[in-house]
Amino acid sequence: MHAFDILGDPVRRRILELLADGEATSGAISDAVRAEFGISQPAVSQHLKVLREAGFATVRAVGTRRIYAVDAGPMRDVDAWLDRFRGFWTPRLDALGTELARGKRGRRLRDSRGEDIS
């Protein structure tokens, strides 16, 4: 399965978001996802299995609990693919940053002169 097929599903994206904050038990993941999406525990388990088999998540057993974590390898592959397209938005974001800095500088100058901006 292609990385974007995996990431295209909102439930799997949410699971990865939860795991980005740190390791989590399958129960904690299931509770959060079930509350947000209204799906069954077996459905959540299936999504975890897809993430695991695609290499996006790892699992380790601690007693009877299963602890999941993000595996960054596939994310690096996605990042490398997206790198080809960064040129489309990076200059615009840089220009936006410049305009925001100009606005802050202009407000500071007006404030230091006691000018009313309203």
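These are my notebook entries on a sheet, a helix pair and one histidine in this predicted model.

**Entry 1: the sheet**

I began with the strands and asked in what order they lie in the sheet. I found 3 strands in an open sheet, ordered E1-E3-E2, with antiparallel pairing. The edges are taken by E1 (24-25) and E2 (57-62); each has a single partner strand, so one side of each is left without a neighbour in the sheet. As a reminder to myself, strands of a sheet pair through backbone hydrogen bonds.

Next I looked at how E1 meets E3 (residues 65-70), and I noted 2 bridges in the antiparallel sense. For Thr-25, the bridge partner in E3 is Ile-67.

**Entry 2: two helices**

I then turned to H2 (residues 10-20) and H4 (residues 41-53), whose axes come within 10 Å and cross at roughly 70°. An angle of 65 to 115 degrees counts as roughly perpendicular, and therefore I logged H2 and H4 as roughly perpendicular to each other.

Which residues make the contact? From H2 I listed Val-11, Arg-12, Ile-15 and Leu-16, and from H4 His-47, Leu-48, Val-50 and Leu-51. Sorted by class, the contact of H2 with H4 holds 6 nonpolar, 1 polar and 1 charged residues.

**Entry 3: His-47**

I stayed with His-47, which sits in helix H4. Is His-47 buried or exposed? Its relative accessible area is 15%, and buried means under 20%, so I put His-47 down as buried.

Last, I checked what His-47 touches, leaving aside its neighbours within four places in sequence. The contacts I wrote down are Asp-9, Val-11, Arg-12, Ile-15 and Ile-39. Val-11, Arg-12 and Ile-15 also appear in the H2 part of the helix contact.

Key. Residues numbered from 1 in each chain as written. Predicted model: local features only at pLDDT ≥ 70, side-chain atom pairs only at ≥ 80, totals over all residues. Heavy atoms only, no water. Pairing = 2+ DSSP bridges. Helix = DSSP H or I, 4+ residues; strand = E, 2+ residues; numbered from the N terminus. Axes fitted to C-alpha atoms, helices over the stretch in contact; angles between N-to-C directions. Parallel < 35°, antiparallel > 145°, perpendicular 65-115°, else oblique. Contact = heavy atoms within 4.5 Å. Nonpolar A, V, L, I, M, F, W, Y, C, P; charged D, E, K, R; others polar. Buried < 20%, exposed > 50% of the residue type's maximum accessible area, 1.4 Å probe, protein only.
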